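User: I'd like to learn how to read a few features in a structure. Could you walk me through them?

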Amino acid sequence: MANIILLGPPGAGKGTQARKLVDERGMVQLSTGDMLREAKTSGTEMGKKVAEVMDRGELVTDEIVIGLIEEKLSSGQGNGFIFDGFPRTLPQADALGRLLAKIGQKLDAVIEMRVDDEVLVHRISGRFTCGKCGEVYHDATKPTKVAGTCDVCGSTDLRRRADDNEESLRTRLMEYYKKTSPLIGYYYHAGDLFGVDGLAEIDDVAASVAAILDQQV
Ligand SMILES: [Zn+2]
């Protein structure tokens, strides 16, 4: 059982690795977006607060997110937690540290998914998927055999995510460097930081992550 943070720029594959850890190890993924949606419909005290704030069209504060995380961590479910997309800033990292200390839990590892920006931009900006079967393609590295038709299921419903383009990705990368990358130094200093090659094959990344987790228990 381990609590970990997956850290890395958008497109580095944090979500993919988190899903594998959920499936293979029974860990619980704490994604801020999911938590907020879930809280809104939960009817708990925190949930009511979240619903009020969101209904007023306001941003949910760090304090509220920390409250939601506390509810989750105290629920005793799952075999460890994966923080995906939180903390995103140094104040959030501090707040998470205080919360964990308060409830007698700890962070076991912060896993930084290291990627080369240019490779990442190339990889993400050419990506499209089949709307029917979910197969993933790439303009340069994995085009469809017949233009506009899925190799696997023959569907012509091929989709590009609106934010899978170079400009949008570079904006998100800049945001990451400004606000989130200082966490790398923060957790390095705390002795919690581990790095994996985020551009390796998915299964190889997963094996590196597994090796780090197995050292922790
Ligand atoms: Zn298909």
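**Reading a metal site and a sheet**

Analyst: Sure. Keep in mind that this is a predicted model. Let's take strand β4, residues 109–114, as the opening case: 5 of its 6 residues are buried, so the strand is largely enclosed by the rest of the structure.

User: Which strands are joined to β4 by bridges, and how do they run?

Analyst: Strand β1 (residues 4–7) runs parallel to β4, with 4 bridges joining them. Strand β8 (residues 193–197) is also parallel to β4, and here there are 5 bridges. For individual pairs, look at Leu6, whose bridge partner in β4 is Ile111. Then find Val110, whose bridge partner in β8 is Leu193.

User: Now the metal. Which residues coordinate the zinc ion?

Analyst: Start with the donor atoms. The zinc ion is held by the SG atoms of Cys130, Cys133, Cys150 and Cys153, at 2.3 Å. Along the sequence, those donor residues follow the spacing C-x2-C-x16-C-x2-C.

User: Why is the arrangement around the zinc ion called tetrahedral?

Analyst: Check the angles. Four donors count as tetrahedral if all angles lie between 85 and 135 degrees. Around this zinc ion the 4 donor atoms subtend 105 to 114°, so the arrangement is tetrahedral.

User: And is Cys130 buried or exposed? What about Cys133?

Analyst: Here the cut-offs help: buried means under 20% relative accessible area, exposed means over 50%, and partly exposed lies in between. Cys130 has 3%, so that residue is buried. Cys133 has 38% relative accessibility, so it counts as partly exposed.

How values were computed. Residues numbered from 1 in each chain as written. Predicted model: local features only at pLDDT ≥ 70, side-chain atom pairs only at ≥ 80, totals over all residues. Heavy atoms only, no water. Donors = N, O, S within 2.8 Å, 3.2 Å for Na, K, Ca; no water. Tetrahedral: all angles 85-135°; square planar, octahedral: opposite > 155°, others 65-115°. Buried < 20%, exposed > 50% of the residue type's maximum accessible area, 1.4 Å probe, protein only. Helix = DSSP H or I, 4+ residues; strand = E, 2+ residues; numbered from the N terminus. Pairing = 2+ DSSP bridges.
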